[in-house]
Each structure stands twice: as C-alpha cells, then as structure tokens.
Amino acid sequence: MTENREAQPQADLMAEAAPNNAGRDHQGHECVVSNPPLESLLTRFHAGYFRISLSLGSQALLWKRLSETRTELQPFGHASKTFPLLASLLLWFLSFFALISLSFLYILRCFFHFHMVKAEFLHHVGVNYLFAPWISWLLLLQSAPLILPNTLSYLVLWWVFVIPVLALDIKIYGQWFTTEKRFFSIVANPTCQISVIGNLVGAQAAALMGWKESAICMFTLGMVHYLVVFVTLYQRLSGHDQLPVMLRPVFFLFFAAPSMASLAWKSISGSFDTTSKMLFFLSLFLFTSLACRPALFKKSMRKFNVAWWAYSFPLTFLALASVEYAQKVEGEIAPVLMLVLLASSVLVCLGLMIFTALNTRTLLGNDSILKSCKSQNKESLNMEYNNRGELLPNTL
C-alpha cells in the first residue's frame with residue numbers, strides 16, 4: 001500500500017477507504033453478495049462531500065453581496081438589477097437542500113457506521129473536513145433571506161454552528177503541539193487550512209451581528225494558525241508527501257484562507273482597509289501562482305471525483321474579496337478584475353454542478369454489489385476497517 005500512493009482508488013479521504021469486503025469462502029473462491037443501496041452509499045460517504053454545500057453556500061453569499069453593490073458594479077448593468085438577488089435566493093435554497101441531504105446522510109453514517117466516522121476523526125486529512133458542514137451552515141446563515149443579524153434566531157444559530165468549530169479547534173490545534181504522533185510537522189497537509197477558514201467564517205458571522213470581541217477572538221485564532229500552516233507547508237517541514245495526487249485540488253485552499261480573512265477583517269473593521277487589501281493581494285498572488293501551474297493538477301483531473309469541488313469555494317471567496325475591493329477602490333482595473341474572478345467562479349461552480357449531475361452514480365458509489373464473503377461477519381469487517389483506519393495515516 002505504501003509503494004504506490006497514487007494507485008489507491010479511494011485515497012480522496014481516509015473515510016473513503018471502505019471496509020475491505022472482498023473475501024473467500026471455505027473452498028477459497030471469491031463470493032459476491034448484494035447489499036442494500038443505502039448501505040453501499042453510507043460506506044462510501046464521508047465529510048469530504050460537504051465541499052459541495054460549501055461551494056453552493058459561498059455562491060449564494062457572493063450573489064447576495066452583488067445585489068448590494070453599487071449599480072455601476074452590477075455585472076448585468078442597469079437592465080437586470082434584480083438578477084443577483086434572484087440568483088442568490090435560488091442558490092440559497094439549492095444549497096440548503098444539498099446541505100440538509102448531506103447532513104442527513106452523515107447522521108445515518110454516524111448511527112450505522114460509527115467505526116468509520118471514528119476512523120475519519122482520527123485521520124490527519126479526514127478530520128479537517130469535519131469543519132465543512134459547520135462552515136456551510138455559517139455561510140447559509142449569513143446569506144439567509146429571512147434571518148437578519150440583529151435577531152435572536154441569528155444569535156442562537158450562530159452559537160449552534162460555532163460551538164462544534166471551537167470544539168474541533170481545541171482537539172486539532174491542541175494535539176499539534178502536545179501529542180507526539182500528531183505534531184503538526186508530521187501531519188501537515190493543505191486540508192489543515194479548512195479549520196482556519198472555519199474560524200474566519202465564524203468571525204465574519206459574529207461581526208455582522210455586532211459581536212466585535214467574539215469576532216476578533218475567532219479571527220485571531222484562525223490567523224495565528226494560518227501562519228503556522230502556511231509556513232510549515234511552504235517550507236515542506238513534514239519531509240514527505242502527506243497528500244494523494246487526486247487531492248491536489250485542495251491546493252486552492254492556499255488562497256481561500258487569506259481571501260476569507262480579508263472579508264472577515266472588513267466585517268470587523270467596518271471597511272475594506274489596508275489590512276484587508278494586503279490579505280486580498282496575498283490571495284490573488286497565490287491564486288496566480290497556482291493558475292500558472294496547470295500541470296500540478298493534471299493527474300487529479302483524469303477522472304471526476306468529489307475532490308474537484310475544492311476548486312469552487314476558494315474561487316468564490318476570492319471573487320467575494322474582489323467585490324469588496326472594487327467597492328473601495330476607484331478606477332477601471334478593480335471592476336475588471338472583479339468581473340474576471342466572478343465569471344471564473346460562476347463557470348467553475350456551474351461546470352461542477354453539471355459534472356456532478358452527469359456522474360452521480362459514480363460519485364456516490366451507487367452500486368449495490370460489493371465483494372464480500374458470506375462467512376465474514378460484521379464485527380470482523382469493522383475490526384479490519386478500524387485497523388486500516390489507524391494504519392492508513394502512515395500509508396498515505
């Protein structure tokens with residue numbers, strides 16, 4: 001397993017390493033049994049699928065922000081001033097439906113395959129995606145059409161979505177410098193930036209309802225650890241590859257974090273000031289650096305998988321930051337830059353929606369025939385999967 005990392009068919013997340021159901025009967029021959037479709041789906045489902053709701057939720061927030069911009073910055077001009085608002089509403093309900101569906105599936109996974117969830121929680125890549133559902137809910141909260149930031153419902157929902165983020169912070173950040181086998185120099189990988197994004201989204205949501213101290217607290221927590229993550233990954237202190245080839249789209253997270261930081265600081269300070277501009281320019285530089293190296297993503301683009309959704313929401317965060325920048329800066333360059341990033345974000349998200357619709361069966365692994373042995377019971381399969389889950393971090 002360790003000799004050929006790229007050949008792992010389910011290396012997207014540790015949780016994708018479903019139980020090894022291949023077995024042999026008492027005569028040594030392989031046997032095939034049929035499992036219910038839902039059972040097959042739950043064994044393949046993992047927190048990485050929440051990248052879909054992250055992308056749709058960020059798009060809803062982007063179009064809501066566009067509906068609030070100056071008329072001259074509207075991408076459709078004076079002729080269609082209400083289009084961004086309608087697009088925001090449509091995307092919000094689509095994102096809400098997707099997030100409800102994904103959350104329901106993950107709850108079922110927790111009930112029926114808790115050993116897989118536990119193994120995912122213990123994995124150095126999989127644990128970072130546990131932030132994704134809560135980030136998605138926070139994005140939907142900010143773009144909700146009927147919930148205003150100064151209402152009690154907004155405050156209650158903010159606490160409901162932020163508490164899991166803070167709990168995961170304590171778990172992950174604490175073990176980075178207290179657990180020998182979990183030192184960050186050993187487990188560092190680009191997906192660690194999702195935890196940073198979670199704190200920054202929470203800070204922005206807090207700032208919108210006037211909780212400035214809470215916003216500054218979460219912003220500080222996110223940015224300090226972003227510096228640690230960025231420097232560690234930039235210098236390759238881990239000494240070896242911690243990420244499979246098919247997960248290379250998550251390199252876009254490098255500019256997602258500073259883009260979100262610029263937006264969060266704008267909400268805290270009340271204006272897109274110098275600090276926000278510096279973070280926006282950093283994210284723009286990192287995006288340009290990655291865009292100029294398409295060969296880096298060539299192997300990961302050979303076959304469609306859910307990891308492709310990692311291209312979408314970082315681009316949307318960057319487009320959101322460009323909207324704020326165009327609002328603040330006079331001239332022609334800023335609006336053009338905003339339109340280019342906006343078009344790129346929308347086209348990428350639309351393309352991923354089409355690819356996902358055309359490849360739903362493959363993406364969700366909706367096949368009811370799994371190789372397994374009739375003589376193997378569920379407990380032995382669970383034990384085997386737990387062992388694989390614990391050993392897999394050393395094999396990636």
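# A tour from helix α3 to the salt bridges

Begin by selecting Trp 92 and Phe 96, which both lie in helix α3 (residues 83-112) and are 4 residues apart, about one turn of the helix. Helices here are DSSP runs of H or I with at least four residues, strands are runs of E with at least two, and both are numbered from the N terminus. The model in your viewer is predicted, so local features are given only at pLDDT of at least 70 and side-chain atom pairs only at pLDDT 80 or more, whereas totals for chains, interfaces and linings use all residues. Residues are numbered from 1 along each chain as its sequence is written, and side-chain values use heavy atoms, with hydrogens and water left out.

**The whole protein**

Zoom out before going further. The protein has 15 helices and 2 strands, and of its 396 residues 54% count as buried, a word that stands for under 20% relative accessible area, with exposed meaning over 50% and partly exposed in between (1.4 Å probe, protein chains only). Among contacts (heavy atoms within 4.5 Å) between residues at least 6 apart in sequence, 82% join residues at least 24 apart.

**Aromatic rings**

Return to Trp 92 and Phe 96 and show their side chains. Rings of Phe, Tyr and Trp (its six-membered ring) are paired if their centres lie within 6.5 Å, and planes under 30 degrees apart count as stacked, over 60 as edge-to-face and the rest as tilted. By this rule the count comes to 31 aromatic pairs. In the pair formed by Trp 92 and Phe 96, the ring centres are 5.4 Å apart and the planes stand at 5 degrees, so the two rings are stacked. Trp 92 counts as buried because its relative accessibility is 12%, while Phe 96, at 33%, is partly exposed. If you add Phe 93, Trp 137 and Phe 161 to the selection, you have one aromatic cluster together with Trp 92 and Phe 96.

Next, select Lys 171 and Phe 121, where the charged end of the lysine sits over the ring, 4.4 Å from its centre. The rule behind this description asks for NZ of Lys or CZ of Arg within 6 Å of the ring centre and within 35 degrees of the ring normal.

**The nonpolar core**

A nonpolar core is a set of buried Ala, Val, Leu, Ile, Met, Phe, Trp, Tyr and Cys residues joined through side-chain atoms within 4.5 Å. The largest one has 114 residues, and those that touch the most other members are Ile 135, Trp 158, Trp 176, Ile 197, Phe 219, Phe 252 and Phe 317. Centre the view on Phe 219: leaving aside its neighbours within four places in sequence, Phe 219 is in contact with Leu 200, Ala 203, Ala 261, Ala 264, Trp 265 and Ile 268.

**Along helix α2**

Now move to helix α2 (residues 50-67) and pick Ser 55, which is buried because its relative accessible area is 0%. Beyond the neighbours within four places in sequence, Ser 55 is in contact with Trp 309, Ser 312 and Phe 313.

Farther along, select Arg 65, which is also found in helix α2. Which residues does Arg 65 touch, not counting those up to four places away in sequence? They are Lys 266, Leu 320, Val 323, Glu 324 and Gln 327.

**Salt bridges**

A search of the whole structure finds 4 salt bridges, each with a side-chain nitrogen of Lys or Arg within 4 Å of a carboxyl oxygen of Asp or Glu. Glu 68 and Arg 65 form one of them, at 3.7 Å from N to O; Glu 68 is partly exposed at 49%, and Arg 65 is buried at 15%. Another joins Arg 65 and Glu 324 at 2.5 Å, N to O. That pair links distant parts of the chain, with Arg 65 in helix α2 and Glu 324 in helix α12 (residues 312-328), 259 residues apart. A third selection, Lys 266 with Glu 324, shows a salt bridge of 3.6 Å, N to O. Lys 266 lies in helix α10 (residues 253-269) and Glu 324 in helix α12, so this pair ties together parts that are 58 residues apart in sequence. Lys 266 counts as partly exposed at 22%, whereas Glu 324 counts as buried at 7%. Finish with Arg 65, Glu 68, Lys 266 and Glu 324 selected together, since these residues are linked in a network of salt bridges.
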